[in-house]
Amino acid sequence: MKKKLVFAGSGGQGVISMATLTCLAAIECKWNAVMSQTYGIEQRGGTAVGFVVISDEEIGSPMIEEDADICCLMHPMIVDAHIKDAASGGIVLYNSSLVKSEPVRESVEFLSVPATDAAQELGERRAANMFALGRLSAETGFVPIEALCSALEKMLGEKKKHLVEINQKALRAGYAGGCNEEK
Amino acid sequence: MKTFREEKNFSWCPGCGHGIVARLCAELIEENNLRDRTCCVVGIGCGGFHHHYMEIDALEAAHGRSIPVATGYKLGLPDNFVYTLQGDGDCASIGLAELMHAANRGTPITVIMVNNGVFGMTGGQMSPETLISQKTPTCPFGRDAKLHGNPLKVSEMMQEMDGVAYLARLSVATPTLVRKAKKGLAQAFKAQEEKLGFSFVEILSPCPTGWNMKVVDSYQRLAKEVAEILPVKEFINKVGGES
Amino acid sequence: MESNTLFMKNSEIFAEAMIRCGIRYHFAYPITPATDVMKYTAAHFHKVGGRMFQAESELAVINCLTGLAATGQLGCASTSGPGFDLMQEGIGFMTAAELPCILLDNMRVGPGDGDIIGSQQDYFMATRGGSHGDYYIPVYAPASGQEIVDLMPVAIDRAFTYRTPVLFVMDGVMAQMIETVDFTPAKETVSSYDTGEWSYTGAKDRGKRALITGSYAHSDGEQMVKKLMAKAEAMTAKEQLWEEYELEDAEVVVCAFGLPGRVCREIVQERRKQGEKIGFIRPITLFPFPEKVFAGLPGSVREILVVEMNYGQMVQDVRLAVNGRCNVSHYGHVGGDQPMIKAREVRNRLAALVPA
């Protein structure tokens, strides 16, 4: 099993956390993980992209070049640049709370998830990233939801322990289908 | 004296002040029983001959880099005694940044800058310490403040730095000043031994060859003209001893 | 850090491997993409009685390292391109002075300020030496976090054995990549090397020692260079490391180091499954260059494609190593957005060389 994933968004949306959590969840499953990231030049308000490869074997090339199995687009500003990262036949999740119209791209399966709105309803807008990840786990099984939940505790550590509850709630809500919106 | 190789012929020119400085260092190393754990880091220039006449471990650093070398050495062996011996070209020109940061950091090393106002080894060119209107091969019409700036008052630059435990400008112009220089140098060594911080002594010294002067004249110039611009003075003494 | 398998950034893996192998002094100045190393050592070295020293410049960094090395202890300095430029004088000096140390250059785009993203453009500076004079130092180019860990004890051994600076290079993409790594191979070895024979610790119970890299007679300079060249020759004979794959009947060989090596190996594996006779070489030591594997290539090889994140540096060593026995071509790319290593372009080049 090998999966390549791209998480792209605006700085501050937590897309790097999505990538990190994916890796940590994979490690919970005793798989290997490699992650790389790019940021815009600016310290604030730029773009952020996390690239992830997870595999139950040794990982050769860690690079993603239009061959991602899953591509998560969390913000309209990065749609044009990163929709091409998805492989033909891949899955493109987009945050429909912010990306108002379905992106244009052939031969991929779209997953519309109103992550920001759903997280807002849960009481923490910033947990949109976790809602999206939970939904992705339900739809694709790229990593089990339980691995995500336990990896989350490790990722947040002692310092951010107070954030575990709301983020796990968002993960599980996303997994359960969130606001039951049409797929 | 075990530390000083008196039988060796100096490769310094007749009348050079470096020999006096080396002698003072050797005497203090002996008197304080430091020889076994001393390391001297010399710069490039005539100061680089310093350790040839000393029975101590020594490192010849690249030009201007004695102070970071001494800093790294002191990190590795904090109980050893480390001093640098540099000329004004090495210390105040190419190595000024390293001097300022070590001083400000309070690195417990002793820096000795032998200031003769020229690049002696390469033939007496202008250094940051050359006096106004002094002629050298690279300012043949005399140093001009508008073109070259004024002599750099390195000691004065460090007065406001909390990391400095001992700071003085000394001179070898007269026997009295040599005795005074030894006392100042002793305080600088003590500042390091007592881990009080960074210690710096600037020692005014003649370069009869580089100045194109007779030895006697060069000592007179050092005592008068040079000292007028760069006065012999103790700026900081946190050791508390007589100097 | 009790557990042996961790998920860490490669720059941090380098720092943790240093700690576990017994290095206790790290000198550095902030520069992207190498700052992660000093951030890590600043947070962790004190726990083992070590020290990260942030110097005022890379000039100071390399010279502090020189002073530390003179005491007989092993230290490290990490940097990236522009900082590596500033360190060259000191690296040449340390080589001449026969002082061991570990160095890391996380390569970025240049010359000038260039770009903070990754490249492999410092190959020449790493292998030819950026300082003046004839000298060579061992250069290791790991391709993964695991290989950093595996190579650290080797590098430490060579630093002490040859009394020389030893350099690690990785591109800035790899430097910032995060991956799973097993630290089991990173055993403490530094303390097992005796440096009492040459270190400058004070003239107690012995005559004085003076570290001199200059000449007092013209024969001094001559002798120093001869000694350094004899070391380089010994390293060339004994220290070549490389990874090879399916060379026996290869017609085309892909050669790449570091991260591009990892990308190319996967492409070669893919093509082998299609039955194409393609082999693979990944130099692990850049100096000494693994010319032995090129000397031993079978007669079936007609073309070597060298892939680098620069516009043709290592390819020159490949050409020297094969000495006209087969054709050598190059694909290079620097900078831009991810992926900085264009696998598609490598596939296209291979398709042209090995028509289906």
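Two residues count as in contact when heavy atoms lie within 4.5 Å. Keep that in mind for the exercises below, and remember that this is a predicted model.

**Exercise 1. Work out what share of the contacts in chain C is long-range in sequence, and what the fold is built from.**

Step 1: Take the contacts in chain C between residues at least 6 apart in sequence; 78% of them join residues at least 24 apart.

Step 2: List the secondary structure, which for chain C comes to 12 helices and 16 strands. The radius of gyration is 21 Å, close to the 21 Å from the globule rule for 356 residues, so chain C is as compact as a globular protein of that length.

Step 3: Put a box around the C-alpha atoms along the principal axes, and you get roughly 75 × 50 × 40 Å for chain C.

Step 4: Check the inside and the outside. Of the 356 residues in chain C, 63% are buried. Chain C exposes about 12,900 Å², with carbon and sulfur atoms supplying 50% of that.

Step 5: Finish with charge. There are 34 positive and 43 negative side chains in chain C, and the centres of the two sets sit 2 Å apart.

**Exercise 2. Find which residues of helix H2 in chain C are buried, and say what covers them.**

Step 1: Go through residues 35–44 of chain C, the span of H2, using under 20% relative accessible area as the cut-off for buried. Asp36(C), Val37(C), Met38(C), Tyr40(C), Thr41(C) and His44(C) come out as buried.

Step 2: Look for the cover. Helix H1 (10–21) of chain C is part of it. The strands that help cover these residues include S1 (5–9), S2 (25–28), S3 (51–54), S4 (75–80) and S5 (101–109) of chain C.

**Exercise 3. Run the same kind of survey on chain A.**

Step 1: Count the elements: chain A has six helices and six strands. In sequence order they read β-α-β-β-β-α-β-β-α-α-α-α. With a radius of gyration of 15 Å, close to the 16 Å that the globule rule gives for 183 residues, chain A is as compact as a globular protein of that length.

Step 2: Get the extent, which for the C-alpha trace of chain A is about 40 × 40 × 35 Å along the principal axes.

Step 3: Look at burial and contacts. Buried residues account for 57% of the 183 in chain A. For contacts in chain A between residues at least 6 apart in sequence, 54% link residues at least 24 apart.

Step 4: Turn to the surface of chain A: about 8,200 Å² is accessible, and 48% of it belongs to carbon and sulfur atoms. As for charge, the mean positions of the 18 positive and 24 negative charges of chain A are 6 Å apart.

**Exercise 4. Decide whether Ala132(A) and Asn116(B) are buried or exposed, and name what they touch.**

Step 1: Place Ala132(A) in helix H4 (residues 128–140) of chain A. Its relative accessible area is 0%, so Ala132(A) is buried.

Step 2: Skip residues up to four places away in sequence, and Ala132(A) touches Met18(A), Met74(A), Leu93(A) and Ala115(A). One distance to try in the viewer: the C-alpha atoms of Ala132(A) and Ala118(A) are separated by 9.4 Å, with the two residues 14 apart along the chain.

Step 3: Move to Asn116(B), in the loop between strand S4 (110–115) and strand S5 (118–119) of chain B. At a relative accessible area of 8%, Asn116(B) is buried.

Step 4: Leave out neighbours within four places in sequence again. Asn116(B) then contacts Asp88(B), Ser205(B), Pro206(B), Cys207(B) and Trp211(B).

**Exercise 5. Map how the three chains meet.**

Step 1: Sort the pairs. Two pairs of chains touch, and chains B and C have the most contacts. Chain A and chain B share no contact, and their closest C-alpha atoms lie 29 Å apart.

Step 2: Size up the B–C interface. It brings 34 residues of chain C into contact with 31 residues of chain B. The buried area is about 2,500 Å², 57% of it on carbon and sulfur atoms. Glu56(C), Asn63(C) and Lys208(C) supply 23% of what chain C buries against chain B, more than any other three residues.

Step 3: Do the A–C interface too. Here 19 residues come from chain C and 22 from chain A. About 1,700 Å² is buried, with carbon and sulfur atoms giving 59%. On the chain C side, Phe7(C), Glu266(C) and Gln338(C) lose the most area to chain A, together 31% of what that side buries.

Technical notes:
Residues are numbered from 1 along each chain as its sequence is written. Chains are lettered from A and ligands numbered from 1 in the order in which they are written. This is a predicted model: local features need pLDDT of at least 70, side-chain atom pairs count only at pLDDT 80 or more; totals for chains, interfaces and linings use all residues. Side-chain values use heavy atoms; hydrogens and water are left out. Helices (H or I, at least four residues) and strands (E, at least two) are DSSP runs, numbered from the N terminus. The radius of gyration is taken over C-alpha atoms; the globule rule is 2.2 Å times the number of residues to the power 0.38. Buried means under 20% relative accessible area, exposed over 50%, partly exposed in between (1.4 Å probe, protein chains only). Accessible areas come from the Shrake-Rupley method with a 1.4 Å probe; for residues, only the protein chains shown count as cover. Lys and Arg count as positive and Asp and Glu as negative; His and the chain ends are not counted. The place of a charge is taken as NZ of Lys, CZ of Arg, CG of Asp or CD of Glu. Buried area is the accessible area (1.4 Å probe) that two parts lose on being put together, summed over both.
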